[in-house]
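The exercises below each set a task and then work through it step by step. Keep the sequence and the 3D view open while reading.

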2 protein chains.
Amino acid sequence: MAAQVQRMSRLMVKTLRDDPADAETLSHKLLVRAGYVRRNAAGIWSWLPLGKKVLENVSRVVREEMDAIGAQEVLLPAVLPKEPYEATGRWEEYGPELFRLKDRKGADYLLGPTHEEIFTLLVKDQCTSYKDLPVILYQVQSKYRDEARPRSGILRGREFLMKDSYSFDTTDEGLAESYALHREAYIKIFQRLGLDHRIVSAVSGAMGGSASEEFLAPAAAGEDTFVHCTACDYAANTEAVTFVAEPPAAVEHPAVEELDTPDTPTIETLAEHLGVPASATLKNLLVKVDGEIVAVGVPGHREVDLGKLSDHLAPAEVELVTAEDFTGRPDLVRGYVGPQGLGKVRYLADPRIAAGTAWITGANKEGVHARNVVAGRDFEVDEYVDVVVVEDGDPCPKCGTGLKLDRAIEIGHIFQLGRKYADAFQLDVLGQNGKPTRVTMGSYGIGVSRAVAALAEQTADEQGLCWPAEIAPADVHVVAAGKALQTELALDVSAQLAEAGLRVLVDERPGVSPGVKFTDAELIGVPKILVAGRRSAEGIVELKDRRTGEREELPVAEAIARLRG
Amino acid sequence: MAAQVQRMSRLMVKTLRDDPADAETLSHKLLVRAGYVRRNAAGIWSWLPLGKKVLENVSRVVREEMDAIGAQEVLLPAVLPKEPYEATGRWEEYGPELFRLKDRKGADYLLGPTHEEIFTLLVKDQCTSYKDLPVILYQVQSKYRDEARPRSGILRGREFLMKDSYSFDTTDEGLAESYALHREAYIKIFQRLGLDHRIVSAVSGAMGGSASEEFLAPAAAGEDTFVHCTACDYAANTEAVTFVAEPPAAVEHPAVEELDTPDTPTIETLAEHLGVPASATLKNLLVKVDGEIVAVGVPGHREVDLGKLSDHLAPAEVELVTAEDFTGRPDLVRGYVGPQGLGKVRYLADPRIAAGTAWITGANKEGVHARNVVAGRDFEVDEYVDVVVVEDGDPCPKCGTGLKLDRAIEIGHIFQLGRKYADAFQLDVLGQNGKPTRVTMGSYGIGVSRAVAALAEQTADEQGLCWPAEIAPADVHVVAAGKALQTELALDVSAQLAEAGLRVLVDERPGVSPGVKFTDAELIGVPKILVAGRRSAEGIVELKDRRTGEREELPVAEAIARLRG
């Protein structure tokens, strides 16, 4: 099976020596400089010939592994009618992130950001019996999200290529199995792509732990933060980290004592005034939950993650209190709130505020704090909630070792949706018992174009891109140093390599200096570089490994044999 | 290379016995009934597993032949900024056919109906010298057109898959070559797809004849009408047919004679009143060209094709006259206009109104006509224009034989754009002479999803779809009649066929009657059907050709050998 030889002189690629002015991340800089992608508008990109090949290679790997778990490929439209998204509330919920448009008759449409609704309707139409399930459907398709701040090149685009799949089962066990199939397929896909990745819980234990996991590719350019244990295999999305409180030492604390602390409404001013660490103090944040004031207690040196708090309290709406909320509430002394005097205000607390721990906190009087305020003795916690911002060194919930925070790119997400969408559209099939059975669903995504950026981030070096073999736009980059004899040899070797089934890119550009050709070869990042140079007359070429930089002079036949592997 | 076996019991396909209520065309009915596609909204369709395979097969053939002419695949965005389309005027010109939308900042975007502007800008950015050209770029991508009347299923959709390519050359000869490369590639593509097609001139001789050609697939469901010669190889879009007038016999016509013809303002009333055929009369249509009244003369039995007339007179705007236009114009007697009395009104005429031909026409007096009005003697023609509606039996411009009108589906279009877009964006490259040289372009399209519909139209029969081998969703459809032994044999044969590299669809659905399975196999239209039935115990299967209906009983090994070919 002979492959094609792609000549650089005919390839539409214009390499750049300088980074584009607007580029912040490595992948953005290099993919533009090496002529893989080109920007059309904010977050909207063209894939040029080299980029298209890489994108296609990633898509192929994804398709092969999806097919291997029995998933069936389909292609749904990108322009979708409003009604199904209204039925699930997402037409509104998506807010400005949704691209909305009208047709010539004034009917509302959207550009699909993800297709749960449409797949649910499809299965409702096509499947009538438990015998038709389970079914896994997938597509590789352009998706649309009107990001507020599209950035980092193709890492966060407004039009991007995604593999989305959806599983349909009649039982929870079936869903767990479809989920497990996806998890295994994703591991294989990212391994084949050569993407270093971590699987992290995406939500805390409340939903069952494994109900949602993210595949993260560690990279400095990543927009996601995740924690991982330096000792065991624990890793999690920062929102999903749980804190297991140690039972406090059984200490007899003195009675509560009030302290005169004028002008210390913040933890910083208080800790400085008393000469204690912030961790000795108890911070009480007031929020409104569906309009009702609630207090959240956390150690003074920690921050409340409002996102986590909102998720925990959803569907209730969480807002910060404003000055007005203190009007007519003499029980709430701004800056000097303490749980021991909160009366009927609901009190949520971090697990670190365990029963028996003592704190310095507000005395509910202007300019006064109190010490030796003991949880369980001087105040009760209505509910323990895990809502502090995770920090480097927090204990691993699995082994207790200090956790490490790192940045990563989210490249995949698997999610047990359950019956939310099936309920919205009354998706039932005839069950084995002869009765209608509500279907349960999973939804699974891989950012195909984002995976290309993640790969570039993880594999590039100072010289340029450096693709893993399966994903590279070619197997070998043959460089003709410049003289006629060298070009002849380069083309001859290229033809032989193509004959052997290798994908060859040959740089035979006339009038381009060897230096520029070498620099371009490093920048473009094909894994093997073969140079027909100085010793071409003897039939000796140089073979270079793009990653290791190792180079070796070899007779042509041996170089070809080496490359054929 | 073992291929996969697709089990019908696991395939998401629900066949229907009845045609969908809204389906008019054969392909629409059958593709829905066989579970290949599903409608989401007017002109917006989903491709289900079987349909996706066919669509992918067509795309693959298109890609292979595009690659073979050295075209480079790219992928441009579908959401495009307004500005480039404003620069060429197409933002307005497209009218309601363009899907327009705004992003969260209120900036205008469109969904790409075709990408000339964006490719021009891409090449302007990437190519700087004549050495970078010629270049041919293509993509296979969803395109968007908000059709006024989306119909016929996937034949005329609002979101559809298209291969669009663009060539860039520095010389007219280069453009002609890029055009010829496409023409040859298209012929190969449609031959491989098994699509009966005609190549027709899309515009008349004025632009050079070969500057634009359409590839039409004759089909009753087609929305295009084309003419072809029953004797020679001439074929053309109806708008492109030219009429070559025979020089009239040199007859001495009597002088003009007026005829009293009360109440005969139409050709029908006139011909009846005088007892002459309509073809003996001269019909004079008045139109306004950029506001000025112009008369167009055609034989009384022919109709003026206003589209052709507009194209001919473009960019001038053509409107029909209204009653008001006759006010203050005593020279224009409505219903009784004759060219011999038109004075300064510009007179265009069909070539059939050749010098020396005599006509019955208006005498420019209410209720009066004139006969023996001779072209060139009694009136002058300012310009001959070929604007009558073509009819069955019109003479072939190549050989004179009667033309035949037929319906077809436009599946491809190749077009020498010239410098229109390059001018709009000042696309120059450094020429061989060291001076900036304006680039000349071609634009070429294949309707990929439409080709699937065209193939279905051309190949289906009463039983259902009937795909050519290269395009079919599988190579063999194995049917297990129902008993355990038959199912076992069917699965065993399927495994062997897959091992041999054949794509197998096996119908092993339990509890489905053999009759339903046979009917479904015919409907789905895989070219070969292998049945493990009555004589399974003897190791004898039935092999059937879906197209010819020929069936044969064979030992398993022989059937497999036959299928491996």
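**Exercise 1.** Describe the open sheet of six strands in chain B: its order, its edges and what packs on it.

Solution. Step 1: the strand order in chain B is S1-S27-S26-S28-S29-S30, and the pairing is mixed. Helices (H or I, at least four residues) and strands (E, at least two) are DSSP runs, numbered from the N terminus, and two strands pair if DSSP finds at least two bridges between them.

Step 2: the edges are strand S1 (5-7) and strand S30 (551-555) of chain B; each has a single partner strand, so one side of each has no neighbour in the sheet.

Step 3: on average, neighbouring strands of this sheet are turned by 25° against each other, direction ignored. Axes are lines fitted to C-alpha atoms, for helices over the stretch in contact, and angles run from 0 to 180 degrees between N-to-C directions.

Step 4: S1(B) pairs with strand S27 (residues 504-507) of chain B in the parallel sense, over three bridges. Within this pair, B:Gln6 stands opposite B:Leu505.

Step 5: helix H11 (residues 484-499) of chain B packs on the sheet and touches S1, strand S26 (476-480), S27, strand S28 (528-532) and strand S29 (540-545). The direction of H11 makes about 160° with that of S26(B). Contact means heavy atoms within 4.5 Å.

A note on conventions: this is a predicted model, in which local features need pLDDT of at least 70 and side-chain atom pairs count only at pLDDT 80 or more, while totals for chains, interfaces and linings use all residues. Residues are numbered from 1 along each chain as its sequence is written, chains are lettered from A and ligands numbered from 1 in the order in which they are written, and side-chain values use heavy atoms, with hydrogens and water left out.

**Exercise 2.** Work out how helices H1 and H2 of chain B each pack against H10(B).

Solution. Step 1: helix H1 (residues 26-33) and helix H10 (residues 448-459) of chain B have axes that come within 8 Å and cross at roughly 100°. H1(B) and H10(B) are therefore roughly perpendicular to each other. Angles under 35 degrees count as roughly parallel, over 145 as roughly antiparallel, 65 to 115 as roughly perpendicular and the rest as oblique.

Step 2: B:Leu26, B:Ser27 and B:Leu31 of H1(B) meet B:Ala453, B:Ala456 and B:Glu457 of H10(B). By class these are four nonpolar, one polar and one charged. Ala, Val, Leu, Ile, Met, Phe, Trp, Tyr, Cys and Pro count as nonpolar, Asp, Glu, Lys and Arg as charged, and the others, Gly among them, as polar.

Step 3: for helix H2 (residues 49-68) of chain B and H10(B), the axes come within 9 Å and cross at roughly 110°. H2(B) is therefore roughly perpendicular to H10(B).

Step 4: the contact joins B:Val54, B:Leu55, B:Val58 and B:Ser59 of H2(B) to B:Val448, B:Ser449, B:Ala451 and B:Val452 of H10(B). Six of the residues are nonpolar, two are polar and none is charged.

**Exercise 3.** Find the angle between H2(A) and H6(A), and state what the contact consists of.

Solution. Step 1: helix H2 (residues 49-68) and helix H6 (residues 172-193) of chain A pack at about 150°, with axes 9 Å apart. The two are therefore roughly antiparallel.

Step 2: among the residues in contact are A:Val58, A:Val61 and A:Met66 in H2(A), and A:Ala185, A:Tyr186 and A:Ile189 in H6(A). The contact has eight nonpolar, one polar and five charged residues.

**Exercise 4.** Describe the open sheet of three strands in chain A, and locate A:Asn364.

Solution. Step 1: the order is S14-S20-S19, with antiparallel pairing. Strand S14 (257-260) and strand S19 (358-365) of chain A are the edge strands, each pairing on one side only.

Step 2: S19(A) pairs with strand S20 (residues 368-374) of chain A over five bridges. A:Trp359 has A:Val373 as its bridge partner in S20(A).

Step 3: A:Asn364 lies in strand S19 of chain A. Its phi is positive, about 60°, although it is not a glycine.

**Exercise 5.** Which elements flank the cis prolines A:Pro315 and B:Pro134?

Solution. Step 1: the bond joining A:Ala314 and A:Pro315 is cis, with omega about 5°. A:Pro315 sits in the loop between helix H8 (306-313) and strand S17 (318-320) of chain A.

Step 2: the bond from B:Leu133 to B:Pro134 is cis, with omega near 0°. B:Pro134 is in the loop between helix H5 (116-126) and strand S8 (135-144) of chain B.
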